[in-house]
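Here are some questions a first-year student might ask about how the terms used for a protein model are justified. Each reply sets a value against a definition and then concludes.

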Amino acid sequence: MSSNTQQQSAVFNPITGAIRALAMDAVQQANSGHPGAPMGMAEIAEVLWRRHLRHNPTNPNWPDRDRFVMSNGHGSMLVYALLHLTGYDLSIDDLKSFRQLHSKTAGHPEFGITVGVETTTGPLGQGVTNAVGFALAEKVLAAEFNKPGHEIVNHHTYVFMGDGCLMEGVSHEACSLAGTLGLGKLIAFWDDNRISIDGHVEGWFTDHTPGRFESYGWHVIPDVDGHDADAIEKALLAARSVTDKPSLICCRTTIGMGSPNKQGSHDCHGAPLGKDEIAATRERIGWPHAPFEIPADVYSAWDGKARGATFEENWNTRFAAYRAAFPAEAAEFERRVMKRELPANWTATKTAYIASCREKSENIATRKASQNALATLVPAVPEIFGGSADLAGSNLTFVKGSKGVTRTEGGNYCYYGVREFGMTAIANGIALHGGLLPYTATFLVFSDYARNGIRMAALMKQRQIMVYTHDSIGLGEDGPTHQPIEHIPSLRIIPNLDVWRPADATETAIAWTAAIERADGPSMLALSRQNLPTVTAKAGDADIARGGYVLSDCAGEAKITFIATGSEIKLALDSQAALAGEGIASRVVSMPCTNVFDRQDAAYRKAIIGQAPCVAIEATHPDFWHKYVGTDGAVVGINRFGESAPADKLFELFGFTVANVVSTAKGLLS
């Protein structure tokens, strides 16, 4: 059969016709969206979702389901059509509300909004990177929990991606690492339609993609006709047979397949087809039904509920046998994967560790305090899964209990290499998968590379812990390229992200435990390179955990309130002492996490800030602090890039001295 004949046969198939019709009708009704990718990938989707994907529409979150990621998330109507047709709780009215306010069918697939959507996609390249995280989590959990004759973790991660995903550099970061780690349960379908919004991609994307992925160590299946179901089926079976490396199935498709006048053109990429073209397409694909009308026999052909229930029942039987043979392991699996609870002894572990920090009262860098915390927390909370972007020795994120994942073995630590963005987005996939609590690490200044992955963690409210060290000009001689100035303030304004900048070992321990306990979003720890003195000996654990508290009060009425974080807390205390020597009473507020502090009740926040004029002290850009000090306060900060010099010289240069802080405070009083 010729390619043209195959394509003509494909468009007359009512099973795939339902996808094409729903996609073009929903986009037309919304007058917004991307019909081309769903129409072009209909056959690929049908083969995967009706024949191979192990999922259960009536219980979308059962543990050993396959994961599906639509990395080219602009084609969201493909996902919504598949979820609706196979029986998920996504009604035809939900599809009619595509891209409308408070709809379950947003413009791009959103985790937590639409049942069955495993991750939020839209920023291209991140979906396939999340998928690497899903596959890595599967590998790690399988290595930990599976026993001979008892495989309770054994599922695939499938991802659809387009040319745009491959052009984004993060796909290189993630797919390179996936090949190195031999993630054989990861199967990607490349929608090779050679179209992006600006037109035919030959003018800006001429990579030899099969060769690129072969160089990563992937199993590559090239030249698959993406409209020939038999060819897709054959390729998918071949991919599933290779278990020691991820697979890429290269599917040559026609964007907007079925549209007589717009298929193969960027005209159908990101805009409705138009009423006349939709009418012509209906005739072309043999779909005589009204918009959003699906015949009963088509629904029946797509319905995945009975098949899904069988998948889950079979797994439940296997898990019951596993529980009988390995009760302790089964209980741990249930705690971590199914209930997502912390260990039963967590509170005792946390309390004892914080007490030990107080007792030791060490004058150490907060990055070292973080490593000390990990040395206790990693064995105590076995779901913790770490990693650093080639800076483990500087971030101090590798501890005695850490074991690096390799191609042949599991572990609880990933050497991500110099891949800050890839690392962050992979960790998002790990967190979404369940069963592991990922932490990642790099220098704070390189959060710029990871920024959109950080944003996606916050958007999806995923529990990822980001360890960012070398938090200020205090890193010294590396100079302005490595000295973060604007980073902490800009990160603090990302919704749902908690940014901790602790002042000593005790605040660091509480920051770590708060991040572990937090279930509704990511946390970031900004940690010092240089040693810091113990300053919180008299501070209460509960006070620190509220994000801001009075560290050092005064007798009588305060004339000045100092607000500081991290390495500048000692400067605030010294300035308080200097003012006291001149008969001026002041108080010091430590604010290790402004985000947590802002969630406290108004009365508490007002009591902590107080009525006196405020001076904020932090080695970051000053603009952020005006929300606390107001127009009558002052900020000792940095509003330009740093210099290359020893840390003590830099702090002096930029005015982080008692003399300057005292002078600033007196200026307010006068």
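Q: How many disulfides does the structure hold?
A: In this predicted model, the structure holds zero disulfides.

Q: How do you know that Cys554 has no bond to the closest cysteine sulfur?
A: A disulfide requires a pair of cysteine sulfur atoms within 2.5 Å, and the sulfur of Cys554 is 12 Å from the closest cysteine sulfur, in Cys614, so the two are too far apart for a bond. Seen from the other partner, Cys614 is likewise in no disulfide, with the sulfur of Cys554 as its nearest cysteine sulfur at 12 Å.

Q: Why does Cys614 count as buried?
A: The word buried is used for a residue under 20% relative accessible area, and because Cys614 has a relative accessibility of 3%, it counts as buried.

Q: What makes strand 18 (residues 586-590) largely enclosed by the rest of the structure?
A: Five of the five residues of strand 18 are buried, and therefore the strand is largely enclosed by the rest of the structure. Both of its faces are covered, since the buried residues are Ser586, Val588 and Ser590 on one side, and Arg587 and Val589 on the other.

Q: How do you know that strand 18 pairs with strand 16 (residues 549-552) and in which sense do they run?
A: Two strands pair if there are at least two bridges between them, and strand 16 and strand 18 are joined over three bridges in the antiparallel sense, with Ser552 standing opposite Val588 of strand 18.

Q: What makes strand 17 (residues 560-564) a partner of strand 18?
A: Set against the requirement of at least two bridges, strand 17 and strand 18 have five, and they run parallel. Among the facing residues, Ile563 stands opposite Val589, while Ala564 has Ser590 as its bridge partner. Between these two strands the chain passes through helix 24 (residues 569-581), and this β-α-β crossover is right-handed.

Q: Why is one side of strand 16 and of strand 20 (634-636) left without a neighbour in the sheet?
A: The five strands form an open sheet in the order 16-18-17-19-20, with mixed pairing. Strand 16 and strand 20 stand at its edges and have a single partner strand each, so one side of each is left without a neighbour in the sheet. From one strand to the next, the twist averages 30°.

Q: Which helix lies across strand 16, strand 17, strand 18 and strand 19 (614-617)?
A: Helix 26 (residues 602-609) lies across these strands, and it runs at about 130° to strand 18.

Note on methods. Residues are numbered from 1 along each chain as its sequence is written. This is a predicted model: local features need pLDDT of at least 70, side-chain atom pairs count only at pLDDT 80 or more; totals for chains, interfaces and linings use all residues. Side-chain values use heavy atoms; hydrogens and water are left out. Buried means under 20% relative accessible area, exposed over 50%, partly exposed in between (1.4 Å probe, protein chains only). Helices (H or I, at least four residues) and strands (E, at least two) are DSSP runs, numbered from the N terminus. A crossover is right-handed if, with the strands pointing away from the viewer, the path from the first strand over the helix to the second runs clockwise. Axes are lines fitted to C-alpha atoms, for helices over the stretch in contact, and angles run from 0 to 180 degrees between N-to-C directions. Contact means heavy atoms within 4.5 Å.
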